[in-house]
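Hello,

Here is the structure I promised to pass on to you. Have a look at it first, and then read on for my notes.

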Amino acid sequence: MNSSVDWLTRLVAFDTTSHRSNLELIDCIAGELRTHGVEPVLFPHEQEDGVRKANLFATFPAQDGRTEGGVVLSGHTDVVPVEGQDWDSDPFTVQERDGRLYGRGTADMKGFLAVIMSRLEAIGAARMTEPLHLAFSYDEEVGLLGAERMIGQFPEHGIQPASCIVGEPSGMRVVRGHKSINLFTVRFRGVAAHSSLTPQGVNAIHYAGRFIEYYRKLTAQWRQDGPFDDAYPVPFTTGGVNLISGGIAGNTVPDACEIEFEFRALGTVDPTPVVEQVRAYLFEVLEPEMQAEQPAAGIELVIKAQGPGLDTGADADVVELAHACGGHRTDEKVTYGTEAGLFHNAGVETVVCGPGEIAVAHAANEYVELEQLEACEAFLDALIGRLGQARA
Ligand SMILES: [Zn+2]
């Protein structure tokens, strides 16, 4: 049980779909770390039905015992569901066909975790001048929840790494930038009435409709006026109202309408002013109008998920380090969000670099190429080697 393929087989066999527990997988990893003399810090997540999930953080100290600074290798342990997908083989049994390893999470992102696990002995034996840390999270696929909690608890555990490599599938390209994800729910609470008596009601759908039009114009403005960054496949901040429900009958003034809207902002764009702008329209324009009709009416805005963007400078140490370890150079930024933005926001210089392609990540017959795993092994071996020498 030492090669990365063995580890991948073992990790994929744990069904860690986000809505399930990840504790068995975490136990397995923690047990292995202990055999290499490292006691991991576990961050259990308390819920009403007990603890079903945990983050794991582990530090291999520098040769002089130092644990601050150094490099984090970060990855999530959860995977997306397989329900409704047409797989050619069991998604939780790794199968090799034509140089590819098929299975749920092989690319996103147990391949990266497996390569790390296969190198624990080498990491433990290296006489490193800087510490190497592992940060394994849960609930990444449902809004980066685990990593957000773990990074939030870094200060109380005295954890302050200098740089971080997030092993999301990037084809081993060193990705310096991605957009932020910002997802919201708005609930318009009107007043129901018979549709022949409109003055007695407040039409929640009509107010939702006004917001939708306001938001559509806002996103059209981003598209037209920028800011622009051509390193992204879609070079501006995008957004939309993507879900709506409301009303109960054709002859009833609806007292409820709920929508979900999102925006994905360039890594350099601060999402806060956008949220403030939307909030002002909802609560300074629409809600007073609703309440002028009937005081019982109102609006609720809920932040469903927010993942910060990533924008690491081309001259950052971690970029140089990743290139020196064999990560491929690219100026391309990506549209998918990752935990990298959270580390970046916490003051940790971060890049994304991992085996496999994001295009196959959430689909049926997800795979990672053996060649990609080998490239990642070489990357990690080079990293371990470099940490063994003084970095400038
Ligand atoms: Zn992922």
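Below is what I found, starting with the metal site and moving on to the strands and helices. Please keep in mind that this is a predicted model.

**The zinc site.** The zinc ion is held by NE2 of His-76, an OD atom of Asp-108 and two OE contacts from Glu-168, at 1.8 to 2.4 Å. Along the sequence, these donor residues follow the spacing H-x31-D-x59-E. Asp-108 and Glu-168 bring distant parts of the chain together, being 60 residues apart. Asp-108 belongs to helix 3 (residues 106-118), while Glu-168 sits in the loop between strand 7 (163-166) and strand 8 (177-178). Both Asp-108 and Glu-168 are buried.

You will probably want to know about the geometry. The angles between the four donor atoms run from 55 to 130 degrees, so the arrangement counts as irregular. A tetrahedral label would need every angle to lie between 85 and 135 degrees. As a reference point, the ideal angle for four tetrahedral donors is 109.5 degrees.

**The hairpin.** Strand 1 (residues 41-47) runs antiparallel to strand 2 (residues 50-60), and seven bridges pair them. Two residues form the hairpin connection from strand 1 to strand 2. Phe-43, for instance, has Asn-55 in strand 2 as its bridge partner.

**The helix pair.** Helix 3, which carries Asp-108, also meets helix 1 (residues 4-13): their axes come within 8 Å and cross at roughly 130 degrees. Helix 1 is therefore oblique to helix 3, and the crossing is right-handed.

Happy to talk it through whenever suits you.

Best wishes

Note on methods: Residues numbered from 1 in each chain as written. Predicted model: local features only at pLDDT ≥ 70, side-chain atom pairs only at ≥ 80, totals over all residues. Heavy atoms only, no water. Donors = N, O, S within 2.8 Å, 3.2 Å for Na, K, Ca; no water. Tetrahedral: all angles 85-135°; square planar, octahedral: opposite > 155°, others 65-115°. Helix = DSSP H or I, 4+ residues; strand = E, 2+ residues; numbered from the N terminus. Buried < 20%, exposed > 50% of the residue type's maximum accessible area, 1.4 Å probe, protein only. Pairing = 2+ DSSP bridges. Axes fitted to C-alpha atoms, helices over the stretch in contact; angles between N-to-C directions. Parallel < 35°, antiparallel > 145°, perpendicular 65-115°, else oblique. Left-handed = near helix turned anticlockwise from the far one by under 90°.
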